[in-house]
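Trainee: Could you take me through one part of this model in detail? I would like a close look at the largest cavity and what lies around it.

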Amino acid sequence: MVGVTCVFPIDLAKTRLQNQRGGQQLYRNMMDCLIKTMKSEGYFGMYRGAAVNLTLVTPEKAIKLAANDFFRHQLSKDGLVVALKKACIAMSFLVFYIWLLTWCLVFSGKLTVFKEMLAGCCAGMCQVIVTTPMEMLKIQLQDAGRLAAQQRVMPSVVTTLKMGGTSAVLSRSYNTSPQAIRVSATDITRELLRTKGVTGLYRGLGATLMRDIPFSVVYFPLFAHLHQLGQHSSKDPSVPFYWSFMSGCLAGCVAAVAVSPCDVVKTRLQSLKKGANEETYSGVVDCVRKILRKEGPGAFLKGASCRALVIAPLFGIAQVVYFVGVGEFLLGYCPYNIYSA
């Protein structure tokens, strides 16, 4: 919750940068987006959708971190096949289940890098139960201001282009007087449930899996090895809190940039409302094809720097709290002896 509060305005800028199209650029970069948002929507406009994130980020991170540790523990002992069998059946991924069993039968015993990646993969699969509806609601609230601003400036842009203007950036015509229409997460949830049922909240589930599974596959093994470098000795496995923070930041930054193209696709698919002349997508493949054709490969890296700035401190803070043992302390356990209790 502390991490989300610190970096949420950057996350809002990332969403708006990812959703704007090549010929209708309202924002030049992250700072330009934040300044214009501040002018038109006020300080709290930069925190639109934060309530949803703050509410659901706790179970999301709890599932992600605990599931990774659970699968790492299971993969390091003989009962890993049974554990993965139950997990994969629960997730209803038959093909993936067969693939996992094949590899587990070959790589049983020691916790290898591959098994660390496998544990991260399973953790990424588990977290989407919470992540998908959270992202779905958050994106609608974050992008509402961009759509309102685009409607205000679009007539001026059309005139400029007709007169032979060469720039499609909408900054010069930006008007800060009208306010974006306020809509709450509760209203969006109620409308989605009424019109599309529970599946409406899970729109873009495939794209979310496509982002979160590779992210966890990269993040968790990288963090584990970076974190291990900070141990005082083999007899003393404790790590300074600042080392946990730096390990989380570096691993999160690398993983965030690596899966940025998937995040762009997910954001586009989960955006319910479109601006003027913005195309709709029927699925992941259709989205990738249209972005490539109309905006080029560079569009897949929109908001990549923002995402890195969001994920790095967010996971750094989360890992410090997790490894320092705040939860165990509150429950009355010793941070480093909870597993032997």
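Mentor: Happy to; what follows starts at the cavity and then turns to its surroundings. Please keep in mind that this is a predicted model.

The structure holds 2 cavities of 30 Å³ or more, and the largest has a volume of about 280 Å³. Rolling a probe the size of a water molecule over the atoms shows where empty space is left. Look for the 22 residues that line this largest cavity. Nearest its centre you will find Glu60, Lys61, Glu135, Ile311 and Leu314. By class, the lining splits into 10 nonpolar, 10 charged and 2 polar residues. Five helices each give the lining at least two residues: α1 (2-19), α3 (50-75), α6 (113-162), α8 (205-228) and α12 (304-324).

Some of those helices also take part in nonpolar packing. The largest nonpolar core has 20 residues, and Phe71, Phe215 and Tyr219 have the most contacts inside it. Two or more of its residues come from each of α3, α6, α8, α9 (241-258) and α12. A second core, separate from that one, has 13 residues, among them Ile10, Met30, Cys33 and Val310.

Now follow helix α8, where Ser216 is found. Ser216 counts as buried because its relative accessibility is 0%. Its side chain joins that of Lys64 in a polar contact of 3.1 Å.

The UniProt record adds another layer here. In an unreviewed entry, it lists residues 87-111, 200-222, 242-265 and 299-323 under "transmembrane region". In the model, residues 200-222 are 78% helix and 0% strand, with the end C-alpha atoms 34 Å apart. For residues 299-323 the figures are 80% helix and 0% strand, and there the end C-alpha atoms lie 37 Å apart.

Finally, have a look at the loop between α2 (30-41) and α3, where Tyr43 lies. With a relative accessible area of 44%, Tyr43 is partly exposed, whereas Ser216 is buried. Tyr43 is also 34 residues away from Pro9 in sequence, and the C-alpha atoms of these two are 9.6 Å apart in space.

To bring it back to your request: α3, α6, α8 and α12 are among the helices that supply at least two residues each to the cavity lining, and these four are also among the elements that give two or more residues to the largest nonpolar core.

Key
Residues numbered from 1 in each chain as written. Predicted model: local features only at pLDDT ≥ 70, side-chain atom pairs only at ≥ 80, totals over all residues. Heavy atoms only, no water. 1 Å grid on protein atoms, 1.4 Å probe; cavity = no way out; pocket = protein on both sides within 12 Å on 5 of 7 lines; lining within 4 Å. Points joined across faces, edges and corners; volume = space filled by probe spheres on them. Nonpolar A, V, L, I, M, F, W, Y, C, P; charged D, E, K, R; others polar. Core = buried A, V, L, I, M, F, W, Y, C linked by side-chain atoms within 4.5 Å. Buried < 20%, exposed > 50% of the residue type's maximum accessible area, 1.4 Å probe, protein only. UniProt positions renumbered as here; feature names shortened; annotations may be inferred. Polar contact = N/O pair within 3.5 Å; in protein donor to acceptor, adjacent residues only side chain to side chain.
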